[in-house]
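Reader: I should be grateful for a close look at the strands of this structure. Please describe how they pair and what packs against them.

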Amino acid sequence: MTGTGAGGDPVDDEETAELTYADAGVDIDASEAATAALIGAVGESEGDYAGLLDIGDRYLALATDGVGTKLIVAEALSDYSTVGIDCIAMNVNDLVAAGVRPVAFVDYLAVDRPDEGFAQQVGEGLSAGAEEADMELVGGETAVMPEVIKGLDLAGTCAGLARKDAIFPGEAEAGDALVGFRSSGIHSNGLTLARKAATRNHEYTDPCPFEGYETVGEALLEPTRIYAHLLDPMRERGVRAAAHVTGGGWTNLERMGEFRYVVEDAFDPHPVFEFVQSEGNVTDEEMHRTFNMGTGFVAALPPEDAEALAAETDGRVIGRIEEGEGVSVRGLEL
């Protein structure tokens with residue numbers, strides 16, 4: 001369908017229409033319903049971000065996740081050097097949100113054909129991520145499945161250990177303060193929407209229209225930040241619950257309990273978010289329901305300890321928790 005733009009030039013409505021995550025191909029509601037069906041079939045496990053197994057005086061925690069469609073950008077640029085970091089980060093950060101220290105990681109790489117070049121790059125990224133998280137890579141699996149996989153898929157499982165008195169309670173309280181921590185960029189969720197928006201008028205190899213990156217694709221590939229360094233200071237300051245801001249964006253805060261989350265001083269979004277929003281004509285609400293928008297991790301704790309935690313780390317007090325429901329970010333109701 002086309003319309004008429006300034007000067008009578010035809011305009012393709014598909015290139016200017018308001019883009020949503022569902023339009024791009026990912027329906028969050030349908031995804032959550034499918035997940036609920038799977039959980040209903042296999043049964044609930046203790047823990048939210050990570051499954052917790054009682055092994056006596058400690059918990060063994062397991063988290064599993066993948067890189068997602070960020071791999072399509074890596075393939076377009078023939079640059080797989082950072083996706084291993086993403087794979088580590090998405091798993092490690094889920095353990096940290098539970099108050100668990102990551103100790104070991106196994107990866108699963110599925111490909112349509114073996115290629116030493118990208119396999120080495122993936123491995124180097126995994127090693128770099130594991131070193132930053134201070135844990136061991138203990139093996140993995142590479143599967144060649146040309147009739148199942150197109151290109152490659154990368155996922156992994158992270159194991160962690162924590163004393164029973166060291167994990168976060170997992171439930172915030174009304175009156176708690178929220179301390180946020182800066183993200184590095186889009187991280188490794190929402191890429192289906194980000195890619196659709198970015199490639200409406202650009203190629204991944206086009207020069208990046210904002211500073212810090214040579215190409216559009218390079219900006220999308222900025223690796224996910226790893227938050228393992230926050231674990232000790234969060235424990236020491238009595239953090240009650242934490243949220244890894246991934247799929248679902250700022251609505252992840254609701255995983256800390258049924259309250260109203262008021263965020264008034266979040267970190268400013270990186271230029272890549274402004275680019276995606278502009279190119280895709282994405283609403284503010286949709287951006288905050290899909291992306292971290294500059295804040296990748298949030299902790300809830302008593303207000304008298306919040307400023308100290310922020311000062312000891314690179315965080316900032318971004319808001320508070322009230323009785324009620326919903327998430328408000330800079331006055332935007334989600």
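**Strand pairing and packing**

Author: In β4, Leu 62 is the bridge partner of Gly 51. This contact in the predicted model belongs to a pairing of strand β3 (residues 51-54) with strand β4 (residues 58-66), which is antiparallel and comprises 4 bridges. The two strands form a hairpin with 3 residues between them. In that turn, Gly 56 has a positive phi of about 110 degrees.

Strand β4 also pairs with strand β7 (residues 152-163), again in the antiparallel sense, over 9 bridges. Here Arg 58 stands opposite Arg 163 of β7.

An open sheet of 7 strands, with mixed pairing, follows the order β9-β11-β8-β12-β10-β13-β14. Its edges are β9 (241-244) and β14 (332-333); each has a single partner strand, so one side of each is left without a neighbour in the sheet. Within this order, strand β10 (residues 260-263) and strand β13 (residues 326-329) run parallel and are joined by 4 bridges. Arg 260 has Gly 326 in β13 as its bridge partner.

Two helices may be added to this picture. Helix α4 (residues 83-98) packs on the sheet, where it touches β9 and β11 (295-301). The direction of α4 makes about 165 degrees with that of β9. Helix α11 (residues 303-312) likewise packs on the sheet, touching β8 (177-182), β11 and β12 (315-322). The direction of α11 makes about 15 degrees with that of β8. Strand β11 is thus touched by α4 and by α11.

Key:
Residues are numbered from 1 along each chain as its sequence is written. This is a predicted model: local features need pLDDT of at least 70, side-chain atom pairs count only at pLDDT 80 or more; totals for chains, interfaces and linings use all residues. Side-chain values use heavy atoms; hydrogens and water are left out. Two strands pair if DSSP finds at least two bridges between them. Contact means heavy atoms within 4.5 Å. Axes are lines fitted to C-alpha atoms, for helices over the stretch in contact, and angles run from 0 to 180 degrees between N-to-C directions.
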